[in-house]
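Please look over the sequence and the model below. The report that follows takes one residue as its starting point and works outward from there.

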Amino acid sequence: MRMVLLFLVLALANIASAKTPYQMRDVVLLQPDAVLQERIMPSALAPYIRSVNAVAGEVLAGEQREPAGGFLVLAIRPGNQSAAWLDIRPGLPPGLAQVLVSRLRAIPPPTVEKGAVIFAIRAGLWGGTPSAENMPAVTEWTEAAAKAGAPLPIDELVERTWPR
């Protein structure tokens, strides 16, 4: 996982650090390195993450909100399908959250093989502090695990909550 993470950090190091409505802090890989290496080339993920950052910045630029922080959670599966979830605190207004998620889902994803690739982007919004948590707490995932009555592997959480 260190190799993939190091590559992503280096590839994304040119992201602006000025106070803006959206500022990426880092990428949190939610699967083991061996799984990720089997499913995607790290060099294919970096341009996608840059596109996610650009779209998030565009969507949030026209908004004036209180400082917030959290995660943009993304999943890509074979067949050029992608999904997005948010774990932002304090939460975004429902309309804004819906627009952001919809625009993130519209970004053409890189090709993946043999299963989903799942990761999160830790970010600060409107000068807010990015989450100090190591893992996002996506509401839909928490509800799916509660309904199952047991913790679920991340691949299963994603499949159970994938937008239809």
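## A helix residue to start from

Alanine 54 is partly exposed, with a relative accessible area of 40%. That value falls between the cut-offs, under 20% for buried and over 50% for exposed. The residue belongs to helix H3, which covers residues 42-61. Note that this is a predicted model.

Which residue is 32 residues from alanine 54 along the chain, with 9.1 Å between the C-alpha atoms? The partner is tyrosine 22.

## Overall fold

The protein has six helices and four strands. Read from the N terminus, the order of elements is α-β-α-α-β-β-α-β-α-α. The chain counts 164 residues, and 46% of them are buried.

## The tryptophan cluster

How many aromatic pairs does the structure hold? There are three. One of them joins tryptophan 85 and tryptophan 162. Their ring centres are 6.3 Å apart and the planes meet at 80°, an edge-to-face arrangement. Tryptophan 85 sits in strand S3, while tryptophan 162 sits in the segment after helix H6 (154-161), so this pair ties together parts that are 77 residues apart in sequence.

Both partners are shielded. Tryptophan 85 has a relative accessible area of 2% and is buried. Tryptophan 162 is at 6% and also counts as buried. Ring pairs bring in Trp141 as well, linking Trp85, Trp141 and Trp162 into a cluster. A charged side chain joins the picture at tryptophan 162: arginine 77 lies over the face of that ring, 3.8 Å from the ring centre.

## The largest pocket

A probe the size of a water molecule, rolled over the atoms, shows where empty space is left. In this model the largest pocket has a volume of about 280 Å³. Its lining consists of 15 residues. Those nearest the centre are Trp85, Leu86, Ala97, Thr139 and Glu140. Trp85 therefore has two roles in this description: it is a member of the ring cluster and one of the residues nearest the pocket centre.

Which elements each supply at least two residues of the lining? They are strand S3 (81-89), helix H4 (94-105) and helix H5 (139-148). S3 gives the largest share, six residues. By type, the lining has eight nonpolar residues, three polar ones and four charged ones.

## A buried arginine and its backbone contacts

Arginine 39 lies in helix H2, residues 33-39. Is this side chain's residue buried or exposed? Arginine 39 is buried, at 12% relative accessible area. Its side chain reaches two backbone oxygens. One is that of alanine 116, at 2.5 Å. The other is that of lysine 114, at 3.3 Å.

Lysine 114 itself is placed in the loop between H4 and strand S4 (117-125). In contrast to arginine 39, which is buried, lysine 114 counts as exposed, at 58% relative accessibility.

## Backbone exceptions

Most residues other than glycine have a negative phi, and most peptide bonds are trans. Three places in this model are worth checking against that background. Lysine 114 has a positive phi, near 65°. Tryptophan 126 also has a positive phi, near 50°. This tryptophan is found in the loop between S4 and H5. Tryptophan 126 is buried, with a relative accessible area of 12%.

The third place is a peptide bond. Arginine 89 and proline 90 are joined in cis, with omega about -10°. Proline 90 is located in the loop between S3 and H4.

## A loop near the C-terminal helices

Leucine 152 lies in the loop between H5 and H6. Its relative accessibility is 18%, so leucine 152 counts as buried. The cut-off for that class is under 20%. Threonine 142 is 10 residues away in sequence, and the C-alpha atoms of leucine 152 and threonine 142 are 9.6 Å apart in space.

Note on methods:
Residues numbered from 1 in each chain as written. Predicted model: local features only at pLDDT ≥ 70, side-chain atom pairs only at ≥ 80, totals over all residues. Heavy atoms only, no water. 1 Å grid on protein atoms, 1.4 Å probe; cavity = no way out; pocket = protein on both sides within 12 Å on 5 of 7 lines; lining within 4 Å. Points joined across faces, edges and corners; volume = space filled by probe spheres on them. Nonpolar A, V, L, I, M, F, W, Y, C, P; charged D, E, K, R; others polar. Phe/Tyr/Trp six-rings, centres within 6.5 Å; stacked < 30°, edge-to-face > 60°. Buried < 20%, exposed > 50% of the residue type's maximum accessible area, 1.4 Å probe, protein only. Lys NZ or Arg CZ within 6 Å of the ring centre and 35° of its normal. Polar contact = N/O pair within 3.5 Å; in protein donor to acceptor, adjacent residues only side chain to side chain.
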